[in-house]
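Trainee: I would like a close look at a single part of this model. Please take one helix and go through how it sits among its neighbours.

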Amino acid sequence: MKKLTSARYLALLGVLGALLGFWSATRTWITVDVKATSVQIPQVVIDGADAAASVTAVAVVVLAGSLALLIAGKISRYIIAALSLLAGVVAITAGIGALTDPQSVAATAVSEATGLAQNAGDYALTPWPAVAILAGAVMALQAVLIFVFAARWPAKASKYDRQVAKKADITDDDSSRNIASWEQLSAGEDPTSEPRS
């Protein structure tokens, strides 16, 4: 269980959510058969990027945050979690919006395709908005797990922390003793003799 809640596995969970979001955004969400007018209009196809551009945007945020999670410090982890949670809520909202009201989601694309202000027609949904909801749920799950388990992860040391630690561990070695001996010789003292009490 400890391994599954590590930064590496939670980063992979975020990457999975982001990839699901990207995948759903490239697929067809809604098809519209516009009611016949004097001009024959072909079926209008609306993909996820047109129906909900926010899904692609939040997928980019979660992907970047998940990769940054592997090197993030204590405070940065919680910032990444907050962004992932917000991204998950946005993706879920976009998917639910498409499922509940496809006509308003597709209004702009249909009016551009038909040149008409009204967008009457038959709207058919595909399963891809539900995949966007699933992607949002995975992003939100990653965020919740980070909030719960990030405090248990070891702190990341910076390169400056390591240099300070190395300097603190340095003791008098042979080279520093040799320099001291030369300084004693320069002062006219014998470094091999016992110090006087």
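Mentor: What follows is centred on helix α3, with the helices around it taken in turn.

This is a predicted model. The protein chain has eight helices and three strands, and along the sequence these are arranged as α-β-β-α-α-α-α-β-α-α-α. Of the 197 residues in the protein chain, 32% are buried. If one takes the contacts between residues at least 6 apart in sequence, 77% of them link residues at least 24 apart.

Helix α3 covers residues 53-69. One partner is α1, residues 7-25. The 19 residues of α1 should span 27 Å at 1.5 Å a residue, and the end C-alpha atoms are 27 Å apart, so the expected and modelled spans agree. The axes of α1 and α3 cross at roughly 160° and come within 8 Å. An angle over 145 degrees counts as roughly antiparallel, and the two helices are therefore roughly antiparallel to each other. Their crossing is left-handed.

On the α1 side, the residues that meet α3 are Ala7, Leu10, Ala11, Gly14, Val15, Ala18, Gly21, Phe22, Ser24 and Ala25. On the α3 side they are Val55, Thr56, Ala59, Val60, Val62, Leu63, Ser66 and Leu69. By class, this contact of α1 with α3 holds 13 nonpolar and five polar residues, and no charged ones.

Two residues of α3 show this contact in detail. Ala59 lies in helix α3 and has a relative accessibility of 0%, so Ala59 counts as buried. Leaving aside neighbours within four places in sequence, Ala59 is in contact with Ala18, Gly21, Phe22 and Met139. The C-alpha atoms of Ala59 and Ala18 are 4.3 Å apart, although the two residues are separated by 41 residues along the chain. Ser66, also in helix α3, has 0% relative accessibility and therefore counts as buried. With neighbours within four places in sequence again left aside, the contacts of Ser66 are Ala11, Gly14, Val15 and Gln142.

Helix α1 itself has a series of buried residues: Ala7, Leu10, Ala11, Leu13, Gly14, Val15, Gly17, Ala18, Leu20, Gly21, Ser24 and Ala25. The elements that cover them include β1 (28-34), β2 (44-47), α2 (48-51), α3 and α6 (128-149). Leu12 is found in the same helix, α1, but has a relative accessible area of 51%; the cut-off for exposed is over 50%, so Leu12 is exposed. From Leu12 to Leu69 the C-alpha distance is 10.0 Å, with their positions 57 residues apart in sequence.

Another partner of α3 is α4, residues 74-100. Here the packing angle is about 155° and the axes are 9 Å apart. That angle makes α3 roughly antiparallel to α4. The crossing of α3 and α4 is left-handed. From α3, the contact is made by Ser54, Val55, Val58, Val61, Val62, Gly65, Ala68 and Leu69. From α4, the residues are Arg77, Ile80, Leu83, Ser84, Ala87, Val90, Ala91 and Ala94. Sorted by class, the contact of α3 with α4 has twelve nonpolar residues, three polar and one charged.

Two of the contacts listed above lead on to α6: Met139 is in contact with Ala59, and Gln142 with Ser66. Both Met139 and Gln142 are among the buried residues of α6. The others there are Pro129, Val131, Ala132, Ala135, Gly136, Val138, Ala140, Ala143, Ile146 and Phe149. The buried residues of α6 pack against α1, β1, α3, α4 and β3 (121-125). At 1.5 Å a residue, the 22 residues of α6 should span 32 Å; the end C-alpha atoms are 31 Å apart, which agrees.

Ala137 is placed in helix α6 as well. With 37% relative accessibility, Ala137 counts as partly exposed. Ala137 and Gly88 are 49 residues apart in sequence, and their C-alpha atoms are 5.9 Å apart in space.

To return to the helix under discussion, α3 is roughly antiparallel to α1 and roughly antiparallel to α4, and the buried residues of α6 pack against α3.

Note on methods
Residues are numbered from 1 along each chain as its sequence is written. This is a predicted model: local features need pLDDT of at least 70, side-chain atom pairs count only at pLDDT 80 or more; totals for chains, interfaces and linings use all residues. Side-chain values use heavy atoms; hydrogens and water are left out. Helices (H or I, at least four residues) and strands (E, at least two) are DSSP runs, numbered from the N terminus. The expected span of a helix is 1.5 Å times one less than its number of residues. Buried means under 20% relative accessible area, exposed over 50%, partly exposed in between (1.4 Å probe, protein chains only). Contact means heavy atoms within 4.5 Å. Axes are lines fitted to C-alpha atoms, for helices over the stretch in contact, and angles run from 0 to 180 degrees between N-to-C directions. Angles under 35 degrees count as roughly parallel, over 145 as roughly antiparallel, 65 to 115 as roughly perpendicular and the rest as oblique. A crossing is left-handed if the near helix is turned anticlockwise from the far one by less than a right angle, and right-handed if clockwise. Ala, Val, Leu, Ile, Met, Phe, Trp, Tyr, Cys and Pro count as nonpolar, Asp, Glu, Lys and Arg as charged, and the others, Gly among them, as polar.
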